[in-house]
Each structure stands twice: as C-alpha cells, then as structure tokens.
Amino acid sequence: MDWSAFALSLRLAGWTTIVLLPIGLALARMLAWRRIRGKGFVEALIALPLVLPPTVLGYYLLVSFSHASPIGRAYESIVGHSLAFTFEGLVLASIIFNFPFAVLPMQRAFESIPPDTREAAWVSGMSQWRTFLEVELPLAWPGVLSALVLTFAHTMGEFGVVLMVGGSIPGETKTIALAIYDRAQAFDQSAAGAMSALLLIFSMIAIVTVYALAPRIGPWHA
Amino acid sequence: MHDPGRHLRVHLRQDTPIPLDADLACEPGELLALVGPSGSGKSTILRCIAGLHRPREGRVSCNGIRWLDTEHGLDLPPQSRAVGLVFQHYALFPHLSAEANVIGALGHVPRGKRAARARELLTLVRLEGLAKRRPAELSGGQQQRVALARALARDPAVLLLDEPFSAVDQVTRRTLQRELGQLRLRLNIPIVLVTHELDEAAVLADRMCILYHGRTLQTGRPRDIMRRPHDTRVARLIGTRNLFEGEVIEQRPEHGVTVLRWNGHVIEAAHTASIGTGERVSWLVSPADVRWLGPDLGTDPPCINLVRGTVSELTPVGDALQATIRLEEPDGRELVFFAGAQTAARDGPALGDAVVVALSPEGIHIMRGEPVAGVTANEDETSSMR
C-alpha cells in the first residue's frame, strides 16, 4: 500500500476541485444564461475531454509545457523550472481534463432555475451578488456538489494524462492510479489489490452521492 | 392625488425583437390595464418599466425620477427602480418560506425590523398563519398573495401586475380581483395591470390601453372604449358586436344627426363631425342600444332606425337573454341585442320569429376608416382576448 501515492492523489484531487469550483461556476452560469456567440463551440470544447484519449491530451500538454513552446518558456522564465513532470503541471492537466465533469452538472443546475426567479430577485432589490448567494446557489447546490464530487473522484483515478504529463515520480507525480499499475507490473498483488479496493470504495461513494443528488437537480416547482 | 410628479410616464419605441410603439401615463391611485392579444407586447412593456428589458429607444420616469432615457444613455438596473412586480407565474423563491420570500425584498429595512414588516405584509394579503410555508405548500391563490406581498415589500413607487390572475381557477380569481380592488384604495401609487381578459380590465381598471403589435391603439375608460372604439382595428380587438359599414349621406349638425345609408336602410346616428358626406365609414351599435319592438306586425313604423330580421340564436348572458337576429338584407348579416331578462323569455322572442328592432341613434358610433371586411375572419384575434 503506497500511502504517499494516495496522499498525493488526494492533494491533486483537492487542488483540482478547488480551482475548478470558481471557474466552473463562472462558466456554467455564463453558458446557462448569457446569449453568447459561438456558445456551441465553447460547449464542445469543454466536453472534448470526454471523448479525447487521455494520452492525446497529455501529449499536447507535454508539448506545450516544453521549452520549445511559448507557454512553456513563459512559465519557466517566471517560476524558474518547467511545468512538465511537476505537481503544478499535474494540477493544470487535471483542471483541463476535468472541465466537462465540473462544468456540465453545474450548467444543468443553473439552467433549471427559471429566468424569472432571478429577475424577481433583482426586482426585489437584491444585488447580483446577493441573488447569486441567496437564490442561485441554494437552488443550484445539488448540481454544484455533484460537479465537485465527480471532479474529485475522477481526478483520484486518472491515469493516462497523469502518466504523460507527470511521469510517475514518487512523492511528486506518482498518483495512486500509477502506483496500482506499478505494483501490478511488479506482481505485487496484495498492494495492487488493496489500493484498487480503496479506489473502488472511493468511486462507489462518489457515484452514489451523485445519483442521490440527481433528483434534486432540475426544475423547481414552486 | 393629481401631483404630476408622481405620474408614471412611459414612452417606448423599437422595431426588434418585439416591435414597440407605446406611450402610457398612469397616475397615483390609478389602475391602468394593458390589454391585447398574446404577442402584443404587454409583458415587454412591463419589463421595460421594471428594467428587465431595455428598449431601443425609450423614456420611463416615475415620481419625477428618470429610470430610463436611452437618448442620454440612462438605464437604471431593476434594483435601482422602485417597482413592485408580480410575475405571471409569481416567480417565488421556491427554497424559501413565504415570510423569507417577502424578507428578500426588504433589503432597505434595518435587519432587526424585517421579520415584523414581513408579517405585516403577509397579514395585509391575508396570509397570516402561513408565513412558514414554502411556495410548494401553498395553493395558487396563496402563492399569488405571497408574490403581491413581496412586490409591496419594497415600498414601490409603481406596482406592476403581469397577468396575475391567469394561473388560478375562476372562483379564486374573483376573490383575488376583489381583494386587489380593496387593496388599491390603500396604495396611492400607479398600478399597471397586464391582461388579455377584456372583462377583467373592464372590472378592475380605471383606464385601459388597447395594444396591438406593441402599439398603443387607444387609451381610455373601459366603458368609453367598448362603446366608442377609435377605429375598426380596436373594435375588432375588443370583439365588438354589431359592426357594420355604410356611407354618410347627410350631415345635420343643427339637429345633432349624421345620416347613414346602410344596406338600403337610412340610419340616423348621433352627430359625428369631421366626416364628410359621401365618405365610407364603419359603424357599430352596442347590443344594449338595440331595442326589441316585438314581432313584425307590418304596421306603420312607430320610430326611426327600424331593422327587420329573424331570430337565429338565443343565449343566456347573466340574467339577460342575448338574441341574435339574421337580417333580411341580401348579405345576411347578424345583429345582436339583449332581449330582456331570462325569466321574461317566455314573452320574448323565440327562435325563428320574425322581429323588428330599433337602433338608438345615441348608441350608434361612427368610425372613419376602412370598412370592416371579414370581421368574422378575425375571430381568432378576438377570441384570444376574451
């Protein structure tokens, strides 16, 4: 049982979820309510990681982290080292890879709030911020929580992108999914089995939570 | 009461997405009904007043404060306009109790006094005892009252009601309408009611404004509009009965009479100036101004404006009996009138009877403009408003 890999996975999932919460809320609200040009294109882009092979995404990320790319060079000149094969690089890759899991459930939750409910809040004198806190979030929270649970659980088990971008460095980028692969390759059945069981339980709790929340997302009947 | 500064004044113009060409004014204590078929821009006008829709061009002012002036780039957000708006489907906050819904609109009241004020408002709309219920636990009529209490919570300078009675049953509607009638006496602010129900407007409104394709066609007291629509378009929209076309053949201002030729009849109407002899006109006679004289006896006419026909339909309307007669004239038009109380129906006209009716000159209203072709073809329009 590789507890440091498990701790690293928890840390990665935690950071990914925390960073994606505000981004997801902003994007989901915008997609749910604003009339924007190219909305379909943006939605497709956000959903792309659902069908894109993780190794392909990982490959492009690796390329853009490299010294040869402007992004990679810019990061290096500011921070002093490359993003590739670092924990920060993993977090960034995870964030991109988890966009659909964070944004889609939140978008659905916000879309289910009738437009006149928000308008009623404004006409009642509530500011945009108060409307968000007192009307939108209380109505959308099951979707928001669903999104967070999905993102967290999905990051815990992510393999392809993590391997491509992180390179399985113990304590830095070796997550629990990589550790399981590593132990299985070494015929260490007991460690691989224990860690797999842990992830299985973890995933089951996550998915049960999401399904339990599902009926609470959707049209509110006044 | 007639302090001009407390008027609500609205002037809106745009071509898209919904055409608007509206001018409205509403005094404190006055209830103005915006009436029109669906898609006539009634709700959009309300949204423009509330600041939820920004028209291409427009001015809205209330209490002497300008809320919208597109010419000067002024467009206050809804939060900065003192409006109370009751949405068509109430738009209550479903996760909050009735009391919390009202408290949501009490942001201007010190925190410690909000709960007490919310109770007061709920009592005002007769919801005492239901403060802790959520919207889903309230009936449609009770939800409407919460929405009304919330709209009043802001101490609005104008109250806007968007078809507030459309989502409740007939009995509840009557009760709520009566309560609104009482409540408005206590509110000395302009009230604008949007409705597609002509009868509702006639019962509740001091003045009503007929809208069509976003344009204000006629504004006036309901009774005046019903009896004297501005033109045939308004007449069609309010479902005017007994709308005919004719020709002015003589003006006798000294006798207060305008003479019409219609289907071979010579009809004397109350004098309408500004229409020249020989002009084609439309005219109407309200069913209440058609007098049933009895069966066609063929004797000398006892009075003017006699019309003969056969009773083709008898419908009870309230306590009265509404009769339709098919006129003898070649085009077979129909004329509707009230044949007295239902109880007297035995002595009144029967189906198939040949009868004579007289049109009261004072009840005849002449409109200039296109003769009404195909009034019945527009039944759809009127029925959607009835």
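Begin with chain B of this predicted model, and select domain 1 and domain 2 of chain B; their centres, taken over C-alpha atoms, are separated by 38 Å. To make the selections, use residues 4-232 of chain B for domain 1 and residues 233-385 for domain 2.

Next, display the boundary between these two domains. Here 16 residues of domain 1 of chain B are in contact with 18 residues of domain 2 of chain B. On the domain 1 side, the elements that contribute two or more residues are β10 (207-212), β11 (215-220) and α7 (222-227) of chain B. Colour α7(B) separately, since with three residues this helix gives the most to the domain 1 side. If the domain 1 side is then coloured by residue class, eight nonpolar, five polar and three charged residues appear.

Remain in chain B and select strand β19, residues 334-341, in which B:Gly340 is placed. Is B:Gly340 buried, exposed or partly exposed? Because 16 C-beta neighbours lie inside 10 Å, B:Gly340 counts as partly exposed; a buried residue would need 20 or more, and an exposed one 12 or fewer. Leaving aside residues up to four places away in sequence, B:Gly340 touches B:Ala320, B:Leu321 and B:Gly348. A distance may also be drawn from B:Gly340 to B:Arg308: the two are 32 residues apart in sequence and 18 Å apart in space, C-alpha to C-alpha.

Now show both chains and select the residues at which they meet. In this interface, 19 residues of chain A are in contact with 24 residues of chain B. Two elements of chain A, α7 (115-123) and α8 (128-157), each give two or more residues to the side that touches chain B. Of these, highlight α7(A), whose seven residues form the largest share of that side. By class, the chain A side divides into 11 nonpolar, five polar and three charged residues.

The final stop lies within chain A. Select helix α1 (residues 3-33) and helix α10 (residues 176-185) of chain A, whose axes come within 8 Å and cross at roughly 150°. The angle is over 145 degrees, and therefore α1(A) is roughly antiparallel to α10(A). Show side chains for the residues that make the contact: A:Ala5, A:Phe6 and A:Ser9 from α1(A), with A:Ile176, A:Leu178 and A:Ala179 from α10(A). Coloured by class, this helix contact has five nonpolar residues, one polar residue and no charged residues.

Key: Residues are numbered from 1 along each chain as its sequence is written. Chains are lettered from A and ligands numbered from 1 in the order in which they are written. This is a predicted model: local features need pLDDT of at least 70, side-chain atom pairs count only at pLDDT 80 or more; totals for chains, interfaces and linings use all residues. Two residues are in contact if their C-beta atoms, placed from the backbone, lie within 7 Å. Helices (H or I, at least four residues) and strands (E, at least two) are DSSP runs, numbered from the N terminus. Ala, Val, Leu, Ile, Met, Phe, Trp, Tyr, Cys and Pro count as nonpolar, Asp, Glu, Lys and Arg as charged, and the others, Gly among them, as polar. Axes are lines fitted to C-alpha atoms, for helices over the stretch in contact, and angles run from 0 to 180 degrees between N-to-C directions. Angles under 35 degrees count as roughly parallel, over 145 as roughly antiparallel, 65 to 115 as roughly perpendicular and the rest as oblique. Domain bounds come from an automatic or database domain assignment.
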